[in-house]
Amino acid sequence: MSTVEGKKQEKRRALLDAAYELFLERGTAKTSVEDITSRAKVGKGTFYLYFQDKGAVMQALLGRVSYQLLSDACLAVEQHPELPDFTAQVVFVIDHIIEALRQDVLVLRFLERNFVWPGLDQIEASREAEPLMRKLLAIVLSSPEMAGRSEREVYQRITALGSMCMSVCYSSILEGKPDNIDAMKPVLYDIIRRALSPEK
C-alpha cells in the first residue's frame, strides 16, 4: 500500500472511530458531521471525500461492528470441536453474539435491530479477499442440513434466522419483551433447529 493510500485509509478509519465513539456516547441523532470531524481532527471537507453523509458512516459502522461480532463468534466456535453438527454450530454462534451484546448494551443500542449480514453479492465478491466469508460459505454449503438447497435459499434462511434473533435479542435485553433473554433463548434455538433440520 502506498503512503498516500495509507494516509487515506488512516483518515477514513479516524472518521469511523470518531463517529463510533460519538454514536455510543450521544446516539446518532445527537451527533453531527461537525462533531465527527472535530473528534477525528480533520476538516469537514475531508469527511465528504469518504462519506456521502452521516447515514453512510452509520452503514459502514454497522457493517464493521456486525463483522467483528460474527468473526469473534466464528473463532469461538472453532474452539468447540465437540459440537455435533452444523445446527449446533449455528446455535453456538448466535448464542455467542447474544452474550456479547448482553455484556455491552451500548453496542446493542447502537446496532438496534440492524445487524448487517453480508449479502450473497458481498460473499461472492469477497471469496478471494475475505477469508472469513469464504470459510463461512464453505461450511454452510457443505453441511448436510443445507444439502439440496441453493446458495440463495441457504442465505435467505440464515439471514432470516439471524435477523429474528437480533430483533428478539434487542427487545429482550433492553426492554424485557416479550420476556427476558434467558427465557427467550430456548424458544429461539428451537426455531433455529427446526428451520435448519434437513428437509425430508
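Here are some notes on this predicted model, going from the overall fold to a few local spots.

1. Overall make-up. The chain is helical in its regular structure: ten helices and zero strands. Reading along the sequence just gives one α after another, α-α-α-α-α-α-α-α-α-α. Of the 200 residues, 39% are buried. If you take the contacts with a separation of 6 or more, 67% of them are between residues 24 or more positions apart.

2. The annotated stretch. UniProt, in an unreviewed entry, puts a "DNA-binding region" at residues 32–51. That annotation may be inferred rather than shown by experiment. In the model, this span is 75% helix and 0% strand, and its end C-alpha atoms are 13 Å apart.

3. Thr46. You'll find Thr46 in helix α3, which covers residues 44–50. Is Thr46 buried or exposed? Its relative accessibility is 17%, so Thr46 counts as buried, the cut-off being under 20%. Leaving out residues up to four places away in sequence, Thr46 touches Lys11 and Leu15.

4. Cysteines. How many disulfides does the structure hold? Zero. Cys165 is in no disulfide, and the nearest cysteine sulfur to it belongs to Cys169, 8.6 Å away. Cys169 is likewise in no disulfide, with the sulfur of Cys165 as its nearest, at 8.6 Å. For a disulfide, the two sulfurs would have to be within 2.5 Å. As for surroundings, Cys165 has 2% relative accessibility and so counts as buried. Cys169 comes out at 0%, so Cys169 counts as buried too.

5. Geometry of helix α10. This helix runs over residues 181–196. With 16 residues at 1.5 Å a residue, α10 should span 22 Å, and the end C-alpha atoms are indeed 22 Å apart, so the two values agree. At the N-terminal end, Asn180 acts as the cap: one of its side-chain oxygens sits 3.0 Å from the backbone nitrogen of Asp182.

6. The buried face of α10. Which residues of α10 are buried? They are Ile181, Met184, Lys185, Leu188, Tyr189, Ile192, Ala195 and Leu196. Looking down the axis of α10, these buried residues fall within an arc of 135°, which means they line one face of the helix. What do they pack against? The partners are α5 (86–103) and α9 (151–175).

How values were computed. Residues numbered from 1 in each chain as written. Predicted model: local features only at pLDDT ≥ 70, side-chain atom pairs only at ≥ 80, totals over all residues. Heavy atoms only, no water. Buried < 20%, exposed > 50% of the residue type's maximum accessible area, 1.4 Å probe, protein only. Helix = DSSP H or I, 4+ residues; strand = E, 2+ residues; numbered from the N terminus. Expected span 1.5 Å × (residues − 1). Arc of directions from axis to C-beta. Contact = heavy atoms within 4.5 Å. Polar contact = N/O pair within 3.5 Å; in protein donor to acceptor, adjacent residues only side chain to side chain.
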